[in-house]
Structure formats: C-alpha cells, structure tokens
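Me: Could you take a close look at one of the pockets in this protein for me? I'm in my first year, so please go step by step, and then show me what else is worth looking at.

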Amino acid sequence: MFQIPRCRVIPLPDHQVAFEVDRRERLRWHFGPQYPRPFFFPLLGPSGATLTRMGHPGAQNHDHHRSIWFAHNKVLGIDFWSENTPARIVQQMWLVYDDGDEARMACRLAWLDGHDPRPLLEQDVIASVIPFARDEVLVEIQTSFTPTAERLEFGQTNFGFLAVRVANSIAVHFGGGELTSSEGLRSEPDLFGRPARWMDYSGPVLSTQGEQLVEGITYFDHPRNPGHPVSWHVRADGWMGSSPCMHAPIEITRERPLSLSYLLHAHGGEVDADRALQVARLFADRPALEVVRASQPHRQFEIRVRP
C-alpha cells in the first residue's frame, strides 16, 4: 500500500503553496501577480501561533515588509526593496515539488526593472521545511542569483537579501519580545551592523488553544555564505535581516553566480544558546543543492547535491 509522506508540498489556488508536516500547515508561499515580490506567510510555531506578520505595525510606508521575503535596495542602482518603484520580482515557474521526510519546493524568480521585459537576473530558490524536535520546524532556504548580462553589481546597502518581520507581540517595541545574537548581545544599538552567526527574535505568542507562550525564530547564516559571519540589520520594531552588502558591494557574473544559504528555526520557548549552537552545526553540515534536468520520467527538474 502506498504510504503518504509525512511532509508534503501542496499547491493551492490563487498562486499559493502550503508546506505541511504531519498534516499541519507550517509555512505558505505566495507568488501572485498582484504582489511586487513573492513571500512566505505565515511561518507557524509549535503551538500553531503565527510567528511572522505582514507589514509594519505602525507605519503604512513599510507595507513592503511581507513576513519573509527576498529583496535588495541597489541592483545596478535599482531599488528592488521598496514599493515606490516599478521594479518587481516575479515567479517565472515552479521547478520541483517534493514530498517525503522534508517538504521541498524549488522555483525560479525573475528580477525585472519595470522597463525592460527581459530580467536583470534570475533567482533559483530551494525551500525545505524540515521536522524538528518538540514539534518545531526548520526552514532551509538555498538560493542562487545569476545575471542575464555578463556581470551585475549588488550595491553597498543594509537592505538585502532575506528579511524577516516577526509577529507584533514578538517585537521589542510593540510587544514583549527580545533580540539576541550568537555573540550574546541583546539590544538594537549593540546588534545593528555587528557580525553574528545567528540572530534570534523571541517573545510572547497566543497558541491556537488560547494559551500565552513564548516562541521565536532563530535566523542562521551558513558558513559558506560570503562574509560569514554576516553583519545584521535588526530593529526593535520587529524585523531582522542578514546584510551581505552592508560594508561593500558584491559583483556576480554568469559564470560565478551568488549562492546563499539560510536557516530559520521556528522554536518554542526563549532562545537557548547551547541549542542554537547544535542547530548551527546541523545546518553547517547540510549540503549545497542545485536544480537540474530530471533523469527520471514524468519530471522536468529535480534537486540534487551540488558537486
């Protein structure tokens, strides 16, 4: 008898994809044409509470803060961060939906300047939702950026590439949360612009049963990322993002695309530095992946370990 996998990727109407673990949705991908860029929302904690939110709680000009999203402020000088620009990031196609011990999706995004129909670059995204202890999940995101021209510069900026806006109650300013880095620092002034192997945002949430608990997200930078440990752009108002271009631009070519790997740990309780170290070690051992033409019938593409 066919055994339904523990982890599943479920394509849904309205340009959405759900990631399930043990029949519970834990993450959702949105790529509808009505949005200026795709995003993940929500990321659910062990209790079923939503750990991320859409937009800033107190500033409508920050509606581009869409839960968990990719963007960059200076791509050849073009703003792909804010929504006051014609530049857009669109999903060209999905490549792989894999069920199994992990729920895994691969897709291809195009970065468009809003004037030329040809993209400035293509971005492949491989997102894996991985069951973890205590009913927690790990979200691994591996991504590569390949220019359509011979070369392309991501300019020096704090804004890019992967950002996370936490739920209102988790934010320091709007709720009862706390920011913590791998270096043991705990406030925005001490954390902003400083290198760290990981950053955590934890705070009170309301479970689906109505119980107030503490949950959070630990955001890990992979050792193979350029400039590791990365410098961080963090705010007490509820968001955090690694900033590989904070101190210098990054130039890429078609032969040498930029590859980045990140991990989000949706955990219960306050951050535990010893446990975060264990997760960081597990993440460091995860192989680099790539999307290739499928070798088996009935599939166009597959995910394999990068040689």
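Reply: Let's start with strand β8, which gives three residues to the second largest pocket, the largest share of its lining. Please keep in mind that the model you are looking at is predicted.

The second largest pocket holds about 170 Å³ of space. To find its walls, look for Arg 108, Glu 122, Gln 123, Asp 124, Ser 144, Thr 146, Pro 257 and Ser 259. Two elements, β8 and β9, each give two or more residues to this lining. If you sort the lining by class, you get one nonpolar residue, four polar ones and three charged ones.

Now turn to the largest pocket, with a volume of about 230 Å³. It is lined by 15 residues, and those closest to its centre are Ser 144, Ser 259, Leu 289, Glu 290 and Arg 306. Four elements give two or more residues to the lining of the largest pocket: β8 (121-131), β9 (137-147), β18 (258-268) and β19 (289-293). You have met some of these names already: Ser 144 and Ser 259 line the second largest pocket too. By class, the largest pocket is lined by five nonpolar, six polar and four charged residues.

Next, let's go to the cavity. The structure has one cavity of 30 Å³ or more, and the space inside it comes to about 30 Å³. Its lining includes Trp 81, the run of Asn 158, Phe 159, Gly 160, Phe 161, Leu 162 and Ala 163, and also His 233, Trp 239, Gly 241, Ser 242 and Ser 243. Here β11 (160-165) and β16 (239-242) are the elements that give two or more residues, with β11 providing the largest share, four residues. The cavity's lining splits into six nonpolar and six polar residues, with no charged ones.

Those two strands lead us to a sheet. Both β11 and β16 belong to an open sheet of eight strands, in the order β1-β2-β3-β4-β5-β11-β16-β15, with antiparallel pairing. At its edges stand β1 (7-12) and β15 (232-235); each has a single partner strand, so one side of each has no neighbour in the sheet. On average, neighbouring strands in this sheet are turned by 20° against each other, ignoring direction.

The edge at β1 is a nice place to zoom in. Its partner β2 (residues 16-21) runs antiparallel to it, and six bridges join the two. You can pick out one of these pairings at Pro 11, whose bridge partner in β2 is Val 17.

Strand β1 starts at residue 7, and that brings us to the cysteines. A search of the whole structure finds zero disulfides. Why is Cys 7 unbonded? The closest cysteine sulfur, in Cys 107, is 19 Å from the sulfur of Cys 7, which is too far for a bond; a disulfide needs the two sulfur atoms within 2.5 Å. The view from the other end agrees, as Cys 107 is in no disulfide and has the sulfur of Cys 7 as its nearest cysteine sulfur. Are these two cysteines buried or exposed? Cys 7 has 0% relative accessibility, so Cys 7 counts as buried. Cys 107 also counts as buried, because its relative accessibility is 0%.

How values were computed:
Residues are numbered from 1 along each chain as its sequence is written. This is a predicted model: local features need pLDDT of at least 70, side-chain atom pairs count only at pLDDT 80 or more; totals for chains, interfaces and linings use all residues. Side-chain values use heavy atoms; hydrogens and water are left out. Two strands pair if DSSP finds at least two bridges between them. Axes are lines fitted to C-alpha atoms, for helices over the stretch in contact, and angles run from 0 to 180 degrees between N-to-C directions. On a 1 Å grid over the protein atoms alone, a cavity is a set of points where a 1.4 Å probe fits but cannot get out, and a pocket is an open set with protein on both sides within 12 Å along at least five of seven lines; lining residues have an atom within 4 Å of a point. Grid points are joined across faces, edges and corners, and a volume is the space filled by probe spheres set on the points. Ala, Val, Leu, Ile, Met, Phe, Trp, Tyr, Cys and Pro count as nonpolar, Asp, Glu, Lys and Arg as charged, and the others, Gly among them, as polar. Buried means under 20% relative accessible area, exposed over 50%, partly exposed in between (1.4 Å probe, protein chains only).
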